Protein chains: 2
Amino acid sequence: MVLYLIGLGLGDAKDITVRGLEIVKRAHKVYLESYTSILQDTRKEMEELYGREVIEADRLFIEQKCEAMLDEALTHEIAVLVVGDVFCATTHCDLNIRAIQKNVQVVSIHNAGIMTAVGCCGLSLYNFGLTVSIPFFTEKWRPYSFYERMKTNMAAGMHTLCLLDIKVKEQSMENLIKGRLIFEPPRFMTVNQAIQQLLSLEEEKKMDVFHPSTFCIGLARVGCPTQRIVAGKASDLLRVDFGGPLHSLIVPCLKTVTEEENIMIQHFAVKESDLVLEKEEDKKEDD
Amino acid sequence: MVLYLIGLGLGDAKDITVRGLEIVKRAHKVYLESYTSILQDTRKEMEELYGREVIEADRLFIEQKCEAMLDEALTHEIAVLVVGDVFCATTHCDLNIRAIQKNVQVVSIHNAGIMTAVGCCGLSLYNFGLTVSIPFFTEKWRPYSFYERMKTNMAAGMHTLCLLDIKVKEQSMENLIKGRLIFEPPRFMTVNQAIQQLLSLEEEKKMDVFHPSTFCIGLARVGCPTQRIVAGKASDLLRVDFGGPLHSLIVPCLKTVTEEENIMIQHFAVKESDLVLEKEEDKKEDD
């Protein structure tokens with residue numbers, strides 16, 4: 001039959017499309033992909049609105065039981081719910097490929113994705129370059145290919161959208177080795193953490209890409225009623241409390257910003273009253 | 001009160017979100033922005049599904065009566081339906097700015113936009129550069145800034161999404177001068193026309209961007225049940241009949257295409273049986 005990849009959009013359970021909801025109601029089984037993003041709603045609320053059991057498909061599921069799910073889709077209508085749009089995360093693209101290679105018919109029900117929803121900040125979606133993902137650094141792992149991509153964008157006069165890391169259902173190294181299914185609490189990178197990592201990379205690599213004076217735009221919970229957008233120097237945004245996840249960061253190329261773009265950015269300009277967190281320098285003095 | 005900008009997605013009336021539909025049902029008035037895109041559905045079908053009158057807001061409306069609509073939104077809940085996502089077209093961004101300048105509260109209900117939905121062709125959305133719009137050329141008007149943007153993308157190793165021109169409710173020069181509200185039939189640029197224009201630009205400008213041998217991907221009716229995607233050399237795609245609107249064209253940067261991207265592209269590779277239209281050379285011989 002069919003594997004439906006159904007985008008859920010960015011807010012809560014009600015952001016599913018009418019067409020998507022129809023399929024969810026009639027499908028043989030409904031899975032929720034749950035490790036590349038979060039929905040501002042719980043699975044329970046979804047089950048209530050949809051009137052269906054929603055099976056959580058976490059990382060382990062996708063890695064270990066995905067084939068069984070694809071086999072089911074050969075003879076039944078199977079729905080896989082994914083947060084945002086279907087193709088915004090690499091995982092879903094992989095699932096799409098695996099399904100096609102198994103001759104499973106795949107139908108995508110598109111929805112809002114962060115890559116177009118960020119248009120709400122006023123920058124034209126036509127003027128963005130490569131999208132980058134910023135991962136949580138560890139002591140030993142500090143990749144910087146995303147920083148090179150930012151530099152490429154900037155040199156070409158393009159804005160950069162930075163998607164920030166999400167760690168859901170991660171096991172500690174110890175639990176992983178011992179095979180214990182104990183998971184760390186979920187972590188979502190904040191705008192502040194992203195800026196700190198970018199500044200530390202600049203200090204290390206001296207690539208002249210991102211400085212405390214770099215103008216950028218922090219976005220939190222895009223598409224939700226509590227959405228927050230603040231634009232300003234990196235050093236100022238470090239002092240803004242953006243609240244709960246998910247966060248994204250945009251580094252616009254100011255050389256190519258148009259007049260219309262600028263009107264909207266000014267609308268979101270950081271205000272003195274936004275600067276609620278301690279200054280980095282003050283923190284160091286306290287230490 | 002509130003001006004709701006509600007994305008309709010890419011297919012038909014059922015691609016509205018559950019949240020969007022709730023607002024449409026209760027809003028004081030519902031407008032449909034109708035000149036930057038088309039929905040594969042008519043206003044009538046929308047009115048049936050939504051159980052509401054839907055007022056068409058064409059170019060003349062937006063230019064002449066927009067202020068009145070914004071004034072209404074100061075005291076009522078007003079919904080403006082836009083095809084695709086809210087921020088994919090410049091018009092809606094303008095509307096957003098005008099509303100904000102009038103102190104009208106704006107709430108966006110996001111939906112699928114072509115810029116993320118094109119992920120269905122298998123190319124990673126992370127690897128696209130600037131999006132370009134290809135306008136219908138006239139005898140005297142042959143802009144080429146979009147061709148320079150394609151060159152910029154290619155040089156930086158990025159894919160290019162080309163959105164193709166739509167002419168809805170256009171007046172002929174004669175009717176415009178005489179002030180007659182007689183409109184030309186709507187026109188939607190096909191993949192074939194876009195390729196022809198690109199080839200003619202290359203012939204004229206010699207910028208080494210787009211040739212008959214350039215690999216590209218034609219997409220028609222993305223997000224609709226009749227969606228069609230064909231990948232191949234420009235000269236081959238010229239001979240493919242993509243059917244009804246809307247069409248888009250992607251020019252991938254082959255240097256940076258990943259293995260996973262390639263698997264999907266091959267899945268859409270042009271077949272001998274797709275080549276139904278006459279060859280350009282044959283046409284000329286016939287003349």
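The following exchange examines a predicted two-chain model, its overall fold, the contact between its chains and some of its helix packings.

Residues are numbered from 1 along each chain as its sequence is written, and chains are lettered from A and ligands numbered from 1 in the order in which they are written. Because the model is predicted, local features need pLDDT of at least 70 and side-chain atom pairs count only at pLDDT 80 or more, while totals for chains, interfaces and linings use all residues.

User: How many helices and strands are there in chain A?
Analyst: Elements are DSSP runs numbered from the N terminus, with helices (H or I) of at least four residues and strands (E) of at least two. By that rule, chain A holds 12 helices and 12 strands.

User: What radius of gyration does chain A have, against that of a compact globule?
Analyst: The C-alpha trace of chain A spans about 60 × 50 × 35 Å along its principal axes. The radius of gyration is taken over C-alpha atoms, and the globule rule is 2.2 Å times the number of residues to the power 0.38. For 287 residues a compact globule would come near 19 Å, and chain A agrees with this at 20 Å.

User: What percentage of the residues of chain A count as buried?
Analyst: A residue is buried if 20 or more other C-beta atoms, placed from the backbone, lie within 10 Å of its own, exposed if 12 or fewer do, and partly exposed in between. Of the 287 residues of chain A, the buried portion is 46%.

User: Which element gives the largest share of the side of chain B that touches chain A?
Analyst: Residues are in contact if their C-beta atoms, placed from the backbone, lie within 7 Å. The contact takes 41 residues from chain B and 41 residues from chain A. On the side of chain B, the elements that give two or more residues are helices H1 (18–26), H5 (90–101), H6 (114–117) and H11 (259–267). The largest share, 4 residues, comes from H11(B).

User: How do the residues of that side of chain B divide by class?
Analyst: Ala, Val, Leu, Ile, Met, Phe, Trp, Tyr, Cys and Pro count as nonpolar, Asp, Glu, Lys and Arg as charged, and the others, Gly among them, as polar. The side of chain B that touches chain A accordingly has 20 nonpolar, 16 polar and 5 charged residues.

User: Why is H5(A) described as oblique to H11(B)?
Analyst: Axes are lines fitted to C-alpha atoms, for helices over the stretch in contact, and angles run from 0 to 180 degrees between N-to-C directions. The axes of H5(A) and H11(B) come within 11 Å and cross at roughly 45°. Angles under 35 degrees count as roughly parallel, over 145 as roughly antiparallel, 65 to 115 as roughly perpendicular and the rest as oblique. The crossing angle therefore makes H5(A) relative to H11(B) oblique.

User: Which residues of H11(B) meet H5(A)?
Analyst: H5(A) contributes Cys93(A), Ile97(A) and Ile100(A). By class, the contact has 5 nonpolar, 1 polar and 1 charged residues. The partners in H11(B) are Glu260(B), Ile263(B), Met264(B) and His267(B).

User: Is the crossing of H4(A) and H5(A) left-handed or right-handed?
Analyst: Within chain A, the axes of H4 (residues 66–75) and H5 (residues 90–101) come within 10 Å and cross at roughly 55°. Cys66(A), Leu70(A) and Ala73(A) in H4(A) meet Leu95(A), Arg98(A) and Ala99(A) in H5(A). A crossing is left-handed if the near helix is turned anticlockwise from the far one by less than a right angle, and right-handed if clockwise. The crossing of H4(A) and H5(A) is right-handed.

User: Against which elements do the buried residues of H7(B) pack?
Analyst: H7(B) covers residues 145–155, and its buried residues include Phe146(B), Tyr147(B) and Met150(B). They pack against strand E6 (132–134), strand E7 (160–164), helix H9 (191–205) and strand E12 (247–251) of chain B.

User: Which residues is Glu261(B) in contact with, leaving aside its neighbours within four places in sequence?
Analyst: Glu261(B) lies in helix H11 of chain B and counts as buried because it has 20 C-beta neighbours inside 10 Å. Its C-alpha is 5.1 Å from that of Leu123(B), although the two are 138 residues apart in sequence. The contacts of Glu261(B) are Gly122(B), Leu123(B) and Ser124(B).

User: How far apart in space are the C-alpha atoms of Thr190(B) and Pro245(B)?
Analyst: Thr190(B) lies in the loop between strand E9 (187–188) and H9 of chain B. Thr190(B) counts as buried, with 21 C-beta neighbours inside 10 Å. Thr190(B) and Pro245(B) are 55 residues apart along the chain, and their C-alpha atoms are separated by 7.3 Å.
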